Amino acid sequence: NAWLSPLGCALCTLHISIPLHSNLGQRIPFIQHLVSLAVVEAVRSIPGYEDIELRVKWPNDIYYSDLMKLGGVLVNSTLIETTFHILIGFGFNVNNSNPTICINDLIAKFNREEGTELKPLSADCLIARTVTVLERLIEVFQEKGPNGVLPQYYKYWVHSGKQVQLHSEHGPMAWIVGIDDYGYLQVHQEGKGVESVHPDGNSFDMLRNLIIPK
C-alpha cells in the first residue's frame, strides 16, 4: 500500500495514557472509534457545518458519505504496569482534492447546493478541535462506558442496513447491526443470531473477509 501525505492534509500523532482498570482501559479497541468520531465531530459540531457529509467507517476510516475515504486512524498501544500508553496517528484531507477528496471540497459543494457561504477550514484548527473533542469523548466513555458514545457514533457511521461477507469473498452474507462492548462489529446471519466479528489482518479493505473469533 502507498501512504500519501500531500500538502493540505491534517496529520498528527498524539500520545495519551489510559489506566488499565478503567472503562476504556478494558476496551482499548474503542480508541480508534473515538478518534474517528472526534474527527467527524470536529467539523460537524461547528455551527452551520452540521450537514457536511463526513462520516465514520468501522473500524478506523473517515469518509465522505459512504462514497470515498478522506482520512484514517492508526492506534498503537503498549501496556506498562497498569497503564496503557497509546500512540494515535490520524490524518485527513482538509485542503487537498487529490488523491480522493477533502473537507473543503465538501464545504464548497455544500455552499453551491444550499446557497450558503461557509468558510473553508484549516488543518491546524481541525487538529485542535479533534483533540478537544477526543478529550471529551474519552471522559464520557470513562464515566458511562460504550453506551455513552455509541448513539453519537451511530449517528455518523456509514453501515446502517449494509451487508458484508464472512470468512471469504464467497462466504455467507450477514447484516451489520452495530458494534459490541469491545468495539468489534456485530452482524446478523440468518438462522444464527447476532455475532461479533473482526477483520482478517491481511485484508486492506477491513470489511472484507470478516472472521468470527473462536
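Reader: Which residue meets Glu53 in a salt bridge?
Author: This is a predicted model. A salt bridge needs a side-chain nitrogen of Lys or Arg within 4 Å of a carboxyl oxygen of Asp or Glu. Here the N to O distance is 3.3 Å. The partner of Glu53 is Arg55.

Reader: Is Glu53 buried or partly exposed?
Author: Buried means under 20% relative accessible area, and exposed means over 50%. Glu53 has 28% relative accessibility. Glu53 therefore counts as partly exposed.

Reader: How far apart are the closest N and O atoms of Asp61 and Lys69?
Author: Asp61 and Lys69 form a salt bridge. The cut-off for such a pair is 4 Å. Their closest N and O atoms are apart by 3.1 Å.

Reader: Which class, buried or partly exposed, fits Asp61, and which fits Lys69?
Author: The limit for buried is under 20%. Asp61 has a relative accessible area of 11%, so Asp61 is buried. Lys69 has 31% relative accessibility, so Lys69 is partly exposed.

Reader: Which residue forms a salt bridge with Lys162?
Author: The side chain of Lys162 meets a carboxylate partner at 3.1 Å, N to O. The pair links distant parts of the chain, 96 residues apart. Lys162 sits in the loop between helix H4 (150-156) and strand E6 (163-165). The partner, in the loop between strand E3 (61-64) and strand E4 (68-80), is Asp66.

Reader: What is the relative accessibility of Asp66?
Author: Lys162 is partly exposed, with a relative accessible area of 31%. Asp66 also counts as partly exposed. The value for Asp66 is 38%.

Reader: How many salt bridges does a search of the whole structure find?
Author: Glu53 with Arg55 is a salt bridge. Asp61 with Lys69 is a salt bridge. The search of the whole structure finds 5.

Methods. Residues are numbered from 1 along each chain as its sequence is written. This is a predicted model: local features need pLDDT of at least 70, side-chain atom pairs count only at pLDDT 80 or more; totals for chains, interfaces and linings use all residues. Side-chain values use heavy atoms; hydrogens and water are left out. Buried means under 20% relative accessible area, exposed over 50%, partly exposed in between (1.4 Å probe, protein chains only). Helices (H or I, at least four residues) and strands (E, at least two) are DSSP runs, numbered from the N terminus.
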